[in-house]
Structure formats: C-alpha cells, structure tokens
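Visitor: Before the tour begins, I should like each term to be set against its definition. Could you proceed in that way?

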Amino acid sequence: MANRIAIIGAGAVGGYAGAHMVRAGEDVTFVDMWPEHVEAMRAKGLRISHIKDVPEFTVPVKAIHLTELQQVSKEKPFDIAFICTKSYDTAWATMMVRQYLAPGGYCVSLQNCMNEETIAEVVGWGRTLGAIASSITVELCEPGHVRRASGKGGAAHTVFRVGEVHGRITDRANEVGRLCALSDSCTVTSNLWGERWSKLVTNVMGNGMSASTGLISRDILLDDTLRAFTARLGSEAIRVGQALGYTLEEIHHIDPEVIARAGEGDAAARHEYDEHRLAEARKPGGGAHRPSMGQDMVKGRRTEIEFLNGFVCDKAKDVGIATPANAALTDIVKRVEKGEIPADPKHIRELRLN
C-alpha cells in the first residue's frame with residue numbers, strides 16, 4: 001500500500017516538494033499555520049511556477065489548518081511526516097504530528113539548519129531522517145503559489161540529498177529519495193551530517209547577508225566588500241565543521257578548502273573564489289533571488305539566524321575556534337529583525353574585524 005504522507009509546514013520547500021508528490025499520485029496532506037494559504041490551496045489548488053524552462057502547473061491538494069489535525073485520529077495515520085517548518089518551530093511541530101504517526105512511521109527534516117537532533121528528542125533517533133534541499137531558490141510568493149527562481153537543477157546540480165542519521169542506505173531512505181526526486185534531482189547519501197553542514201555553510205554565507213543588507217544574492221556577490229565577507233563567513237563555518245569531524249561536500253560547487261582559504265586571506269584562493277561567484281552572479285537569472293532569511297525580513301517574520309550563523313558560533317566554542325564574522329552578522333540581523341536599525345549594506349561595509 002502507498003504511504004500516507006504529511007507535509008508539516010506547507011511553505012516554499014514543503015509546498016514545492018509536496019505538490020510534485022501529489023501530481024505523481026501520492027497521498028499527501030498539507031498542514032499549515034497560515035490560514036489564508038490553507039484556504040487558497042483548498043479553493044484553487046497549489047500553483048507551482050518557475051522562472052524559466054518549466055511549465056507552470058496547479059494541483060488540487062488536501063490542505064488542513066493546524067487546528068484540524070486532530071481529525072487524523074479518525075483516519076489512517078501518517079507513514080511519513082516531512083517537517084518543513086522554520087527551525088524554531090521544529091520541536092512543537094514534531095510533537096504535534098508524533099501522535100498521528102503509524103507504528104512504523106517516521107519524520108524527515110526537510111529544512112534549513114540541523115534539526116535532526118531536535119526531532120529525535122521527540123520521536124527518537126530510529127524515527128528520524130534528514131533531507132537537504134540545496135540551492136532550490138523557492139518562495140511562497142502568495143497564498144497557494146510557490147515560485148522557483150530558476151528551472152530544475154537536474155543533472156547539473158543535485159538538489160535533494162537524503163540520508164539516515166547512522167549513514168546506512170536503507171529502504172526507507174530510498175523511499176524518501178524517490179519522493180523527493182519527483183520534483184528534482186536527488187541522491188541518497190551515506191554522509192548526511194557532512195551534507196547537512198555543507199548546506200549550513202551555504203546558508204551561513206547568504207541568508208544573513210540578505211537579511212542584514214536588504215539585497216538579493218546577485219547584488220551581494222557583485223559588491224567586492226560584501227562578497228569578501230561571504231567568504232569570511234564561509235571560512236569560519238568550514239573550519240568549525242572540519243573540527244567537528246564532518247566530511248564536507250562542495251559548497252556553491254567550490255571545494256570547501258578553497259572557500260576556507262579565501263576567507264583567511266589566501267590570494268590565489270580568493271581569486272578562484274571571486275571568479276566562481278562572479279560568474280554565478282552574471283549568468284542569466286543568476287542570483288536574482290532573495291534567500292529565505294531575506295524573504296523573512298521583508299515579510300516581517302522571525303528569522304533563523306540563531307540556527308545558522310548563531311549555531312556556528314555556538315558549536316565553535318566547543319572546538320575553540322573564533323568566529324567573529326558570524327558573531328557580528330548574527331548581532332546585526334537580530335537588530336534589524338527587532339527594528340532597531342534598517343537593513344542596509346553599510347552594516348557590513350563598516351565592520352572592522354581583525
């Protein structure tokens with residue numbers, strides 16, 4: 001029998017992946033906390049559009065409000081629950097769906113940041129998997145409409161990476177991989193933690209920069225000072241990840257060691273880093289996207305800064321590594337978030353870091 005699937009948090013990533021599952025005939029229930037979004041999905045379906053190459057489509061979906069989840073107690077329980085909320089909502093979202101899981105059911109973190117441990121504290125490590133959406137560039141642009149600022153990644157870029165916390169390739173990891181692959185390229189990995197930290201570094205380099213400056217990715221990369229600071233952020237995060245024992249994967253399709261050395265002032269590495277990032281920004285449509293934290297700031301939502309750059313700073317203390325750039329950016333984003341200062345590139349340009 002087919003799995004019964006829940007998408008907890010039908011935002012940009014959850015909505016995008018879930019819509020493709022529905023389109024392929026999977027049994028999916030979307031659970032969301034934005035009433036207008038749920039009502040739009042009920043009335044008009046879930047619309048998926050891309051900036052290029054992929055035809056737009058709309059699928060009718062089963063969408064329920066948080067307050068309606070209790071009705072599942074009268075129905076078949078969920079076999080797979082994709083947790084797609086913001087990181088700060090992970091614990092309660094997992095607790096909420098736990099009682100509606102089948103005996104062999106499990107949760108999949110399809111989120112930014114590293115939330116598997118939080119999920120495991122609620123449902124246990126044996127019922128916890130991870131799925132990474134790499135450079136997916138999606139946005140919930142209006143109720144019932146997810147827009148992707150690109151085409152499909154396909155063979156050029158593997159978007160989804162799915163893995164077990166223990167690293168073995170299992171049938172259920174392959175099943176989650178199959179489901180993710182309905183929307184774009186996917187691999188099942190034995191290196192979940194290395195993949196997860198590598199994605200964390202990617203977000204550390206871009207999300208807070210957009211939130212603090214108000215700029216889209218392209219404008220950040222085309223500015224020499226801001227681009228240099230992204231390398232500094234990435235370098236600190238890479239060194240922390242290495243010290244924690246993670247085997248890192250490519251980050252922005254660059255060897256992580258190149259990014260680390262670029263952020264540390266190595267001229268050759270900095271040249272290689274600049275050439276790659278500038279080429280990325282100058283591609284048609286390249287960088288014409290506001291990262292998720294920048295979107296949160298525009299919408300007046302809480303950001304995930306404590307779970308990204310702040311998380312790097314916390315972990316750095318355990319291994320005795322200084323992370324002044326990430327600490328400074330965390331502070332700036334928190335101040336912008338609270339309305340103490342406006343988003344402005346000058347906050348980064350005026351930093352004086354040794």
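Guide: A pocket is an open set of points on a 1 Å grid over the protein atoms alone, where a 1.4 Å probe fits and protein lies on both sides within 12 Å along at least five of seven lines. The model is predicted, so local features need pLDDT of at least 70 and side-chain atom pairs pLDDT 80 or more, while totals for chains, interfaces and linings use all residues. Residues are numbered from 1 along each chain as its sequence is written, and side-chain values use heavy atoms, without hydrogens or water.

Visitor: How much space lies in the second largest pocket, and how is that volume defined?

Guide: The second largest pocket holds about 220 Å³. The volume is the space filled by probe spheres set on the grid points, which are joined across faces, edges and corners.

Visitor: What makes a residue part of the lining of this pocket, and which residues line the pocket?

Guide: A lining residue has an atom within 4 Å of a point. The residues that line the second largest pocket include Cys113, Met114, Trp125, Trp193, Tyr246 and Phe307. Two elements, α4 (116-123) and α12 (309-319), each give two or more residues to this lining, and α4 gives the most, with three. Helices are DSSP runs of H or I of at least four residues, and strands are runs of E of at least two, numbered from the N terminus.

Visitor: How does the lining divide by class?

Guide: Seven lining residues are nonpolar, two are polar and three are charged. Here Ala, Val, Leu, Ile, Met, Phe, Trp, Tyr, Cys and Pro count as nonpolar, Asp, Glu, Lys and Arg as charged, and the others, Gly among them, as polar.

Visitor: Why is the protein called as compact as a globular protein of its length?

Guide: The protein has 14 helices and twelve strands. Its radius of gyration is 20 Å, close to the 20 Å that the globule rule gives for 354 residues, so the protein is as compact as a globular protein of that length. The radius is taken over C-alpha atoms, and the rule is 2.2 Å times the number of residues to the power 0.38.

Visitor: What makes β4 and β9 edge strands?

Guide: Two strands pair if DSSP finds at least two bridges between them. In the open, mixed sheet β4-β3-β10-β9, β4 (57-59) and β9 (138-142) each pair on one side only. The twist averages 25° from one strand to the next; angles run from 0 to 180 degrees between N-to-C directions, and axes are lines fitted to C-alpha atoms, for helices over the stretch in contact.

Visitor: How do you know that β3 and β10 pair?

Guide: Four bridges join β3 (residues 46-50) to β10 (residues 145-148) in parallel, and the definition asks for at least two, so the two strands pair. Ile48 stands opposite Val146 in β10. Helix α1 (residues 12-23) packs on this sheet, touching β3, β4, β9 and β10, at about 105° to β3; contact means heavy atoms within 4.5 Å.

Visitor: Which strands form the sheet of eight?

Guide: The order is β5-β2-β1-β6-β7-β8-β11-β12, open and with mixed pairing. β5 (62-65) and β12 (186-188) are the edge strands. β11 (residues 160-164) and β12 pair in the parallel sense over three bridges, and Val162 has Val188 as its bridge partner in β12.

Visitor: Where do α8 and α13 stand relative to each other?

Guide: The axes of α8 (residues 224-243) and α13 (residues 324-337) come within 8 Å and cross at roughly 115°. Among the contact residues are Phe229 and Leu233 of α8 and Leu329 of α13.
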